[in-house]
Amino acid sequence: MLDITMCRVLYVVLRLFTILAVGSGGLLEPRSSTFKEESVPLSVRNTSSDGTCICRIEIPATVHCSSTEDKKNEESIREQLADISSRLDHHVNVIDEQDSAIMSLSDDMSSVLDKLERIESGDIVVTRPEYNGFRQEIENMETLLALLRENSTFSTDIVATLEAEVRNITSVIRTLEDEEGSNNYQLQSEVDSLKRKLLQCQQEDVNERVSVFFSYDWDRRGHADPCEKLSNVSAPFTMGGRICTSTRGTWFRDPLKDRRKIYLLTVTSTRYAGGSRSNQAMYANNTVVVFASMKDFQIGRITRRIMLTEYCQGTGMVAYNGSLYHHIWNKRQIAKYDIALGHLLKSELPPDTNVENSGAYKSSSNSDVDFAVDESGLWVIYSTTSSNGVIVISKLDPETLLRIETWRTSVTKTSQGNCFMMCQVLHCTNSYNTHADKINYYFDTKTAVESFIYVPIDSKFLATYALSYNPYDQKLYGWDNGHQVIYQLLFDE
């Protein structure tokens with residue numbers, strides 16, 4: 001803005017020129033009586049309605065002089081007035097530019113101050129890139145202030161005030177950065193470390209899958225003698241399977257027919273519609289997914305889906321000699337489903353068999369009735385009220401589902417993590433959800449001798465909902481929290 005004082009100075013200067021032009025004793029003093037004087041009206045108004053200083057100069061169209069020399073003097077004065085007007089326009093433009101620069105600087109400072117207030121109040125969290133952005137804004141303001149200081153027409157007091165404010169902002173930012181910088185750096189370091197670990201785990205998982213798949217011939221028969229004492233179990237190999245979305249389920253192979261095929265059953269939680277257990281969760285399904293080979297299973301290429309005529313309850317299903325065997329949902333019945341013919345055969349369990357999770361393993365999942373296969377044939381593992389909940393083992397005729405022989409153990413079923421049969425011996429784990437699980441109990445049906453043992457087995461993903469033995473390849477197939485895993489078994493020789 002043009003200062004009012006400058007307007008007054010300009011007025012005095014123009015009045016002086018007027019006196020020189022038309023006053024007595026001036027440069028244009030008339031030499032004859034023919035000179036005709038016309039006044040030079042000047043008008044000065046302090047400010048406009050919006051505060052802008054206004055200077056208005058009215059110069060007469062002509063000044064009548066009687067001589068050539070007077071006319072020359074008139075032209076000289078006009079040139080000097082034009083020069084003054086030009087310089088005045090230049091100063092006004094400079095002031096406008098400085099005013100615009102100050103407005104821009106004010107906006108930048110307001111933006112930074114607003115961010116600082118939000119940081120101090122805890123509304124926003126600042127990261128390292130944002131501190132760098134603050135520093136860049138301050139550098140821009142410092143550059144602008146340097147340009148203003150170089151201009152001698154601008155008030156040094158205003159520049160000094162602005163510089164003081166910028167220094168204050170810089171000090172606040174440095175304080176905040178010192179207080180939070182170390183924490184932010186530490187947090188970022190931890191995030192980067194977690195990212196590296198995640199990538200490493202993913203790579204290890206991929207390497208594990210590849211090594212398992214290519215290092216083992218899945219058509220090869222097991223060569224160890226499982227009737228010797230079980231001495232060790234390997235770490236679990238994660239085989240995966242890209243269609244598996246349920247945390248609970250089971251997967252297995254048929255040891256006698258179509259041995260290369262993989263069968264997979266997921267069980268999902270639904271609710272009882274009525275009765276004494278109304279609205280309680282139950283785990284069942286009637287769809288079994290089939291893969292032609294382990295490779296197809298790993299890449300998620302499905303061969304077919306088998307729709308059961310009766311819902312399977314729990315995770316105790318097995319495949320044996322071309323048929324699927326399972327517990328029928330909400331009944332004390334078991335079923336044999338012929339895969340090729342689609343025929344269903346049912347058989348009754350003892351009338352006091354514990355069902356509806358009253359006789360399930362620790363992992364629940366409605367695993368009251370659990371089928372198993374081993375070198376000698378087909379088995380069913382359950383409990384009854386008359387046996388006070390201890391595990392009951394029955395050898396079954398795979399054609400008729402009739403119970404051939406039955407044994408009663410001394411351990412309750414609900415206290416076991418999982419159980420499986422191997423070489424006519426029942427093996428049970430003490431838990432299902434720790435890295436320190438162990439096979440801690442066995443019952444030999446050949447001798448009716450039972451004992452406690454100690455063979456560690458790792459629940460890698462902390463929720464092993466199914467565990468079954470395949471007598472052909474002599475491996476354990478586990479369903480661990482939605483992951484399909486395999487354990488190698490070692491035996492005493």
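The side chain of Arg253 has a polar atom 3.2 Å from the backbone oxygen of Arg259. That same side chain also reaches the backbone oxygen of Arg260, at 3.1 Å. Please bear in mind throughout that this is a predicted model. Arg253 sits in the loop that connects β5, residues 249–252, with β6, residues 262–266. Is this arginine buried or exposed? Its relative accessibility is 5%, and since the cut-off for burial is under 20%, Arg253 counts as buried.

The loop between β5 and β6 also holds Asp258. Here the backbone deserves attention: Asp258 has a positive phi of about 50 degrees, although it is not a glycine. As a general point, most residues other than glycine have a negative phi. With a relative accessibility of 41%, Asp258 counts as partly exposed.

A second case of this kind is Gln474, where phi is near 60 degrees, again a positive value in a residue other than glycine. Gln474 belongs to the loop between β22 and β23, the latter covering residues 475–480. Its relative accessible area is 9%, so Gln474 is buried.

I turn now to strand β11, residues 323–327. How many of its residues are buried? The count is 5 of the 5, and β11 is therefore largely enclosed by the rest of the structure. On one side of the strand, Ser323, Tyr325 and His327 are buried; on the other, Leu324 and His326 are buried, and both faces are thus covered.

Which strands pair with β11? One is β10, residues 318–320, which pairs with β11 in the antiparallel sense over 3 bridges. Within that pairing, Tyr320 has Ser323 of β11 as its bridge partner. The two strands form a hairpin with 2 residues between them, and Asn321 in the turn has a positive phi of about 55 degrees. The other is β12, residues 333–338, joined to β11 by 5 bridges and also running antiparallel to it. Leu324 stands opposite Tyr337 in β12. In this hairpin there are 5 residues between the strands, and Asn330 takes a positive phi near 65 degrees.

Next, a sheet further along the chain. It is an open sheet of 4 strands, in the order β18-β19-β20-β21, with antiparallel pairing. β18, residues 419–422, and β21, residues 449–456, stand at the edges; each has a single partner strand, so one side of each is left without a neighbour in the sheet. On average, neighbouring strands of this sheet are turned by 25 degrees against each other, direction ignored. In the antiparallel pair of β19, residues 425–429, and β20, residues 438–444, there are 5 bridges. Leu426, for instance, has Phe443 in β20 as its bridge partner.

Finally, the cavities. The model contains 6 cavities of 30 Å³ or more. The second largest has a volume of about 90 Å³. Its lining comprises 16 residues, and those nearest its centre are Thr315, Gly316, Asp370, Ala466 and Leu467. Two or more lining residues come from each of β5, β14 (370–374) and β22 (464–470). Which element gives the most to this lining? That is β22, with 4 residues. By class, the lining of the second largest cavity has 9 nonpolar residues, 6 polar residues and 1 charged residue.

Definitions and conventions: Residues numbered from 1 in each chain as written. Predicted model: local features only at pLDDT ≥ 70, side-chain atom pairs only at ≥ 80, totals over all residues. Heavy atoms only, no water. Buried < 20%, exposed > 50% of the residue type's maximum accessible area, 1.4 Å probe, protein only. Polar contact = N/O pair within 3.5 Å; in protein donor to acceptor, adjacent residues only side chain to side chain. Pairing = 2+ DSSP bridges. Axes fitted to C-alpha atoms, helices over the stretch in contact; angles between N-to-C directions. 1 Å grid on protein atoms, 1.4 Å probe; cavity = no way out; pocket = protein on both sides within 12 Å on 5 of 7 lines; lining within 4 Å. Points joined across faces, edges and corners; volume = space filled by probe spheres on them. Nonpolar A, V, L, I, M, F, W, Y, C, P; charged D, E, K, R; others polar.
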